[in-house]
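These are my notebook entries from an afternoon of looking things up in one structure. I set down each point in the order in which I examined it.

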Amino acid sequence: MNESIIKTIGVAFAVCLVCSLVVSTSAVSLRDLQKENKLNDKRIKILQVADIYDPNTSIAEQFSELESKFIDFNTGLTMDEYNNFNIDDYDQILVTKDPNFSTKVPASEDIAIIKNRENVGKIYILRNELGGIDKLVLPIRGYGLWGTLYGYISIEDDFNTVSGIEFYDHKETPGLGAEVDNPKWKAQWRGKKIYKDNQVNLSVIKGKVEEGDSDSSYKIDGLSGATITSRGVSNMVAYWFGESGYSSLLRELDYES
Ligand SMILES: Cc1cc2nc3c(=O)[nH]c(=O)nc-3n(C[C@H](O)[C@H](O)[C@H](O)COP(=O)(O)O)c2cc1C
């Protein structure tokens, strides 16, 4: 009797041990693969927003068409070097946790609710055949209803016209706020203008943009039933294209061109 209880416990213990070994071994061995898949997902979004994504070509090969640059938000200047960071590995979201590399956004200016902004960001440049800028891909982020939306906006060589928008991470509700991923909604962004009289004027409105509206190039249809997410997207555009974001970079590039 006793022997059979010991046996039963022993077998149960052995099964638990084997299972935990299998789970932890696969978790550890798949960690690198998961990391790589996450990186590739992000890279696909960057290629899509730059309008150069080809699913039949290797992601790394396509990604090498883009030039990565650091951007100092305090000066608006791009840089090839920053501290000891390797630009390919530089994670501007991660550095927002380190006060040496980021700055707390004062509540009165934190319209996108990002709390801390990296001192130096990372942008991507697509060059034309002459070596000039064809498109810029700029990371953006801001709070929606359930969490922060992370994405990219691409800008044409006039530094005011949107080429596209993509989000690679958010927590919004499918069918409501998650319609930020709807290709039809995203398609509206192409050709829209950001600045009017040097102020950010582009926003996601409530309802649909009316035909014949003389300001329609500054308006995007609201996401129906998702006013809070829509407002979040407007706020992140206002923040990242404002003085604390890319406005000095875009002014600088416009002046150079
Ligand atoms: C389960 C649930 C999920 C929701 N998800 C979202 C969302 O992702 N984004 C959003 O803006 N509103 C979401 N809402 C709706 C908001 O609570 C709010 O009512 C809405 O933003 C108001 O927008 P409307 O004026 O367009 O109806 C959700 C509501 C519920 C009950």
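The entries below go from the sheet to its hairpins, then to a helix, to three loop residues and to the ligand.

**Entry 1. The sheet**

I noted at the outset that this is a predicted model. I began with the strands and asked in what order they lie in the open sheet. The order I found is β2-β1-β5-β6-β7-β8, which makes 6 strands with antiparallel pairing. I then looked up the edges, where β2 (77–79) and β8 (162–169) stand. Each of these has a single partner strand, so one side of each is left without a neighbour in the sheet. I also recorded the twist, which averages 35° from one strand to the next. As background, I reminded myself that strands of a sheet pair through backbone hydrogen bonds, either parallel or antiparallel.

**Entry 2. From β6 to β7**

I next examined β6 (residues 133–143) and β7 (residues 148–156), which run antiparallel and are joined by 9 bridges. The connection between β6 and β7 is a hairpin, made through 4 residues. I looked up two positions in this pair. K135 stands opposite E156 in β7, and I140 has G151 of β7 as its bridge partner.

**Entry 3. From β7 to β8**

I followed the chain onward and asked over how many bridges β7 and β8 pair. The number is 6, and the pairing is again in the antiparallel sense. These strands also form a hairpin, with 5 residues between them. Within the pair, I155 has V162 in β8 as its bridge partner. I checked how far β8 is covered, and I found that 6 of its 8 residues are buried.

**Entry 4. Two residues between β7 and β8**

I then turned to the loop between β7 and β8, where F159 is found. F159 has a positive phi of about 60°, although it is not a glycine. I asked whether F159 is buried or exposed. It is buried, with 21 other C-beta atoms within 10 Å; the cut-off for this class is 20 or more.

D157 is found in the loop between β7 and β8 as well. I counted D157 as partly exposed because it has 17 C-beta neighbours inside 10 Å. Leaving aside neighbours within four places in sequence, I listed the contacts of D157 as G132, I133 and D134. I also looked up D157 together with K135: they are 22 residues apart in sequence, and their C-alpha atoms are 5.7 Å apart in space.

**Entry 5. A residue between β2 and β3**

I looked up N83, which lies in the loop between β2 and β3 (102–104). Its phi is near 50°, a positive value in a residue other than glycine. N83 is exposed, with 11 other C-beta atoms within 10 Å; a residue falls in this class at 12 or fewer.

**Entry 6. Helix α4**

I asked which strands of the sheet helix α4 (residues 227–240) touches. It packs on the sheet against β6 and β7, and its direction makes about 125° with that of β6. The helix has 14 residues and reaches 20 Å from its first C-alpha to its last, close to the 20 Å expected at 1.5 Å a residue.

I then checked how enclosed α4 is. Of its 14 residues, 11 are buried, so the helix is largely enclosed by the rest of the structure. Among the buried residues I noted R231, N235, M236 and W240. The buried residues of α4 pack against β6 and β7, and also against β10 (199–200) and β11 (203–204).

**Entry 7. Around the ligand**

Last, I asked which residues are around the ligand. I listed L145, E172, T173, L176, G177, G225, A226, T227, I228 and T229. Sorted by character, this shell divides into 4 nonpolar, 5 polar and 1 charged. T229 also stands in my notes on α4, where it is buried.

Note on methods. Residues numbered from 1 in each chain as written. Predicted model: local features only at pLDDT ≥ 70, side-chain atom pairs only at ≥ 80, totals over all residues. Pairing = 2+ DSSP bridges. Axes fitted to C-alpha atoms, helices over the stretch in contact; angles between N-to-C directions. Contact = placed C-beta atoms within 7 Å. Near = placed C-beta within 6 Å. Nonpolar A, V, L, I, M, F, W, Y, C, P; charged D, E, K, R; others polar. Expected span 1.5 Å × (residues − 1).
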